[in-house]
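Trainee: Could you go through this model with me and explain the terms as we meet them?
Mentor: Gladly, let's look at it together.

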Amino acid sequence: MHYPVSSSNKNFRSMPVNLANIPAYRMRKFTELVSLSGHLFDKFLINEALNIIEVAGGSFHLVKCQVGQSADAPSYSELEVGADDREVLDQIIDSLNSLANRNENGAQPDNRTNPTSTTVGTVVNNGTKSSCDLEYTSSVLILGAGRVCQSAAELLASIGSASYRQRHDSHLKVDSEEQGHVQVVVASLYLKDAEETIEGIPNATAVELDVTDHGSLSKCISQVDVVISLLPAIFHVTVANACIELKKHLVTASYVDDQTSKLDEKAKEAGITILGEMGLDPGIDHMMAMKMIDQAHQRKGRIRSFASYCGGLASPAAANNPLAYKFSWNPAGAIRVGRNPALYKSHGEIINVDGDKLYESATRFRIPELPAFALECFANRNSLIYGDVYRISTEASTIFRGTLRYEGFSEIMGTLAKVGLFDTEAQMILKNSERPTFRTFLLKLLKLEKEDSDKASVGEKEIARQLLILGHCTEEGTALRTAKTIIFLGLHEQMQVAASCQSAFDVTCLRMEERMAYSSTEQDMVLLHLEVEVEYPESQHEENHRATLLEFGRIENGKTTTAMGLTVGIPAAIGALLLLENKIKTRGVLRPIEPEVYVPALDILQAQGIRIMEKIE
């Protein structure tokens, strides 16, 4: 929160407040750590700030004070502000924020000159985070640091704040006055990662933790009320067993696999809930689906067709490469998605798609409410199991779950796969101590013979022609678009292939990670769309239900929060919140497919600004 302070007085003069006139600080029930920076003394802002605290009936303790030594140098202070009433403290904080949001003339903020700012929450102290002395009613441990974790931590840490109450009370029409603060503990194998994740987040603590160390894991879990695991899926069972032993609830955003499902009885005996698939896909898709399906069943309708489509995409402005796609993490997972076999039901017929043919099976797709998006989709693994999960297997003749991409993506990726760029077997040429260049490696894959491959030129037209000769594609347009992609990835360059690359898959992942990453100013996008056809036998009429979630990454104060991080992290945090508030009564292993989960969860999602468009025709 900034406003400009213009200094007409060229000679900086310090006007320190007389601390002797301020009531002595005493321990209060509620406290916040506030940092103030800017021209605090020559503009008498520190006096105004302390006056605000005193008049409101609060008290303060001056933790740190650094005075600027020139007209352009800002001053900095840290105050521990206390009050016996939460509302009084919130009013003080709001007043301090208002002070930082106006200038001496009452003008609008202008960050170009001498900004003054106030920050409420935690400050860095000797390399670790220390949280304020708040009245914590509960605590949550988040395992795994990163973008998804950050969104979850921010939501949980905001619970009990004035801004949280205002947002949720107005949207949910409930009184959240009784909600206390939640202490958030973020644990990572490397402390630095956890510290970076919680930077700027109040009520959050970073710890170093190796989850394979049972003693350390148990100690961390024993000190909290709910655990969120954002670790790779292979660690979930280890964490789940520890949670069962210590009788602590667990939330994950990953699929509920067979190993986790087998823990159902143990979780029930321990009296805990293991809530899985609480992310985007799986997660929000389940909640949207069950809301529509349950509403139809309540009206005695039958589900005739169910289809769900989801894609993590680049925003249109960032879709500026031949694939119109970018990665916010290692591309290996996204590449493997296009190599998985798929199974679904279409008009009563079971369709099997081999993994090697998945890209070829992609079809053009359009969303009526978003006609500007030229999309395509291909099947996402086994859709049939969701007939049982959603309890519609006996009534729906179509059950389909698909992955969305911009149109043209699959034909290029399918051609790259035929070239062999996604093969995971170790390549002899990459085992040599003398590393080949990308160009030499590409020419070998394309079976192009050159006397001196490192010096030989290779361009789009020659690559496209060879793709057609080898039969990797049949249309010239596809060959040219694939050739452009190969050139864009730099696979024709004379640079040596890194020693870490042992397969074509490694080489492709490396180049994609380097060339297809988001810049600091680019946004990603998440698109989730569901279509449900319902028939009502009694009234003999039909309805088409559609629900669409479109979310873009957010850039605030130079800090980017990805849409994927928001739509995975926030649902996980909501799951933890519902367990903290005992709104989920079911024990054992479950998904967010029951009203006790999806009804409040969808409401909180909307309160967090994640909108879902719904339409019935």
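Mentor: Let's start with a crossing: helix 6 and helix 7 cross in a right-handed way.

Trainee: What makes the crossing of helix 6 and helix 7 right-handed?

Mentor: A crossing is right-handed if the near helix is turned clockwise from the far one by less than a right angle, and left-handed if anticlockwise. The crossing of helix 6 and helix 7 is right-handed, so the turn here is clockwise. Keep in mind that this is a predicted model, where local features need pLDDT of at least 70, side-chain atom pairs count only at pLDDT 80 or more, and totals for chains, interfaces and linings use all residues. Residues are numbered from 1 along each chain as its sequence is written, and side-chain values use heavy atoms, leaving out hydrogens and water.

Trainee: Why are helix 6 and helix 7 called oblique to each other?

Mentor: The axes of helix 6 (residues 214–222) and helix 7 (residues 236–246) come within 10 Å and cross at roughly 55°. Angles under 35 degrees count as roughly parallel, over 145 as roughly antiparallel, 65 to 115 as roughly perpendicular and the rest as oblique. The two helices are therefore oblique to each other.

Trainee: Which residues make the contact between helix 6 and helix 7?

Mentor: Contact means heavy atoms within 4.5 Å. Helix 6 contributes His214, Leu217, Ser218, Ile221 and Ser222, while helix 7 brings Thr238, Val239, Ala242, Cys243, Glu245 and Leu246. These residues divide into six nonpolar, four polar and one charged.

Trainee: How do you know that helix 13 is mostly covered?

Mentor: Buried means under 20% relative accessible area, with exposed over 50% and partly exposed in between (1.4 Å probe, protein chains only). In helix 13 (residues 409–419), nine of the eleven residues are buried, among them Phe409, Met413 and Leu416. After helix 13 comes glycine 420, with a positive phi near 105°.

Trainee: What makes strand 20 and strand 21 a pair?

Mentor: Two strands pair if DSSP finds at least two bridges between them. Twelve bridges join strand 20 to strand 21 (residues 541–552), so they pair, and they run antiparallel. Tyrosine 536 has histidine 541 in strand 21 as its bridge partner. Four residues lie between the strands of this hairpin, where glutamine 540 takes a positive phi near 55°.

Trainee: Which other strand is joined to strand 20 by twelve bridges?

Mentor: That is strand 14 (residues 302–314), also antiparallel to strand 20. Here glycine 312 stands opposite valine 526. Strand 20 (residues 524–536) is mostly covered, with ten of its 13 residues buried.

Note on methods: Axes fitted to C-alpha atoms, helices over the stretch in contact; angles between N-to-C directions. Nonpolar A, V, L, I, M, F, W, Y, C, P; charged D, E, K, R; others polar.
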